[in-house]
Amino acid sequence: MILTIIAVTWLLLVLVGVPIGISMILVSMGYFYWTGMGLAFAMSRMVDGLNSFPMLAVPLFILAAGILNGAGITNHLFGFARALVGHVRGGLGHVNVLASLFFSGMSGSALADAGGLGKMEIEAMRKAGYDDEFAGAVTAASSMIGPLVPPSITMVLYGVISNTSIGQLFLGGVVPGVLCAVALMVMVYAIASRRDYPRDVWPGVAAIGRLFLRSFPALLTPAVIVGGIFSGWFSPTEAAAVTVLYAILIDLLFYRELTWRRLWDAIYETTATSAGIATIIAGVSLLGYVLAREQAPQQIATMFLAIADGPVSFLIAVNLMIFVLGMFIESLVILLIVVPILVPIALGFHIDPVHFGIIVVLNLMISILTPPMGMALFVVAQVGNIPFQRLATAILPWLIPPIVVLILVCAFPVLSTGLPSLMR
């Protein structure tokens with residue numbers, strides 16, 4: 001009965017426009033007050049939820065992405081991607097996907113990708129004669145690659161709350177991330193061939209070489225992060241700080257486009273974004289305690305065990321649950337509430353925690369594309385000036401490639417565990 005009241009109250013608050021993090025805090029505060037546990041205890045729980053050294057990696061990776069974007073590095077990456085694949089049928093669609101793959105090695109965030117590259121990509125595709133719906137759908141779909149390729153803010157959070165190696169997760173996402181890029185490019189080629197979309201002229205090896213050298217310092221970012229972690233030079237959190245320093249360093253030495261104003265903007269955006277994430281984490285920490293006290297995890301576990309008699313049926317149930325939840329709830333909230341409940345069940349079925357983590361992250365990235373609450377759709381609609389309703393319809397076929405990759409990752413665990421196993 002209490003769980004029903006909590007769920008209904010939370011949903012009502014969200015529906016009337018209260019931010020998700022604040023709504024969770026208000027509902028939990030009401031529970032603590034009603035049960036006589038006191039609001040002081042609630043405050044201490046929120047502080048404990050944020051008191052995590054690995055969690056510091058989140059604002060640092062956000063800051064690194066802001067600095068790289070402010071330094072104009074996205075322009076160099078887009079230019080290099082265009083030289084590589086712009087001559088293929090549907091050229092700018094392929095460029096869109098490949099640029100997202102490159103940028104994902106620096107930002108770690110799907111929304112940073114959609115916002116940082118999205119405006120540039122959509123405007124270029126408009127000028128070349130592509131439909132707005134196609135340009136917007138490709139931009140939104142390609143942004144999901146960001147949290148799959150290291151660094152990844154989503155994987156940092158998953159690693160913290162599930163006690164899984166963040167370095168192993170970073171490596172585990174490489175192959176699925178590349179597979180998603182390939183699958184999306186196949187989709188681009190099929191649609192572009194049918195609609196006879198244009199392509200660029202082959203620029204020549206010399207031009208590609210010049211653009212590669214110009215982009216090389218930025219492209220090296222994932223190697224610096226992953227190499228440093230597995231060499232033992234620094235922890236994942238320290239890697240995030242190193243990434244910030246590296247972003248500033250390569251601008252000073254190579255690009256020289258970062259101004260004090262742009263640096264301040266990056267810091268401001270990082271503060272605003274991190275505050276929103278911290279509010280959600282605090283709210284989830286508080287609500288998680290309430291759910292644990294009311295034995296919600298045990299009830300959910302019992303439900304899963306009743307419908308899943310093995311790892312295959314369990315993964316099918318998890319995929320369907322996250323897909324449905326992702327249509328209505330922010331992916332970060334799903335991650336922070338659902339994962340602590342599901343990970344022990346997955347371990348009970350002898351599912352590798354890295355494999356399960358990649359499955360969850362891939363599911364969450366699909367959820368940012370699913371209307372009516374897909375966050376990537378809102379960002380792309382805003383930066384591309386595309387009506388949300390048109391974009392929400394156009395994105396539906398683009399859910400097929402990542403779902404196919406998800407099925408492959410579920411069926412063949414080696415796709416996510418192969419690289420991490422080589423480093424153990």
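Buried means under 20% relative accessible area, exposed means over 50%, and partly exposed covers the range in between. The exercises below concern a predicted model.

**Exercise 1. Classify histidine 350 and asparagine 385 as buried or exposed, and describe their backbone.**

Step 1. Histidine 350 has a relative accessibility of 75%, so it counts as exposed. Asparagine 385, at 64%, also counts as exposed.

Step 2. Locate each residue. Histidine 350 is in the loop between helix 19 (331–348) and helix 20 (353–367). Asparagine 385 sits in the loop between helix 21 (375–384) and helix 22 (388–394).

Step 3. Read the phi angles. Most residues other than glycine have a negative phi. Histidine 350 is not a glycine, yet its phi is positive, about 60°. Asparagine 385 has a positive phi near 55°.

**Exercise 2. Compare the span of helix 1 with the expected value, and state what follows the helix.**

Step 1. Helix 1 covers residues 2–15, which makes 14 residues.

Step 2. The expected span is 1.5 Å times one less than the number of residues. For helix 1 this gives 20 Å, and the end C-alpha atoms are 20 Å apart, so the two values agree.

Step 3. After helix 1 comes glycine 17, with a positive phi near 105°.

**Exercise 3. Describe helix 5 and find the salt bridge that one of its residues forms.**

Step 1. Helix 5 (residues 73–85) has 13 residues and reaches 19 Å from its first C-alpha to its last, close to the expected 18 Å.

Step 2. Its buried residues include Ile73, Leu77, Phe78, Phe80 and Val85. Arginine 82 has a relative accessibility of 31%, so it counts as partly exposed.

Step 3. Arginine 82 forms a salt bridge with aspartate 200, and the closest N and O atoms are 2.6 Å apart. Arginine 82 lies in helix 5 and aspartate 200 in the loop between helix 12 (174–195) and helix 13 (205–219), so the pair ties together parts 118 residues apart in sequence.

Step 4. Aspartate 200, with a relative accessible area of 24%, is partly exposed.

**Exercise 4. State how many salt bridges the structure holds, and work through the pair aspartate 265 and arginine 261.**

Step 1. There are six salt bridges in the structure.

Step 2. In the bridge between aspartate 265 and arginine 261, the closest N and O atoms are 3.6 Å apart. The cut-off for a salt bridge is 4 Å, so this pair qualifies.

Step 3. The two residues are four residues apart in helix 16 (residues 260–293), so about one helical turn separates them.

Step 4. Aspartate 265 is partly exposed at 29% relative accessibility, whereas arginine 261 is exposed, with 58%.

**Exercise 5. Name residues of the largest nonpolar core and of a nonpolar surface patch.**

Step 1. The largest nonpolar core has 141 residues, and Phe134, Phe314, Phe356, Leu369 and Trp398 touch the most other members.

Step 2. Take phenylalanine 134. Leaving aside its neighbours within four places in sequence, it is in contact with Met125, Val188, Ile191, Arg195, Tyr197 and Trp398.

Step 3. On the surface, Ile400, Val404, Leu408, Phe412 and Val414 form a nonpolar patch with about 450 Å² of accessible area together. Helix 23 (residues 400–411) gives the most to the patch, with three residues.

Step 4. Leucine 408 lies in helix 23. Its relative accessibility is 34%, so leucine 408 counts as partly exposed.

How values were computed
Residues are numbered from 1 along each chain as its sequence is written. This is a predicted model: local features need pLDDT of at least 70, side-chain atom pairs count only at pLDDT 80 or more; totals for chains, interfaces and linings use all residues. Side-chain values use heavy atoms; hydrogens and water are left out. Buried means under 20% relative accessible area, exposed over 50%, partly exposed in between (1.4 Å probe, protein chains only). Patches are made of residues with over 30% relative accessible area and no salt bridge: like charges are joined within 9 Å, nonpolar side chains (Val, Leu, Ile, Met, Phe, Trp, Tyr) within 5 Å. Accessible areas come from the Shrake-Rupley method with a 1.4 Å probe; for residues, only the protein chains shown count as cover. A salt bridge is a side-chain nitrogen of Lys or Arg within 4 Å of a carboxyl oxygen of Asp or Glu. A nonpolar core is a set of buried Ala, Val, Leu, Ile, Met, Phe, Trp, Tyr and Cys residues joined through side-chain atoms within 4.5 Å. Contact means heavy atoms within 4.5 Å.
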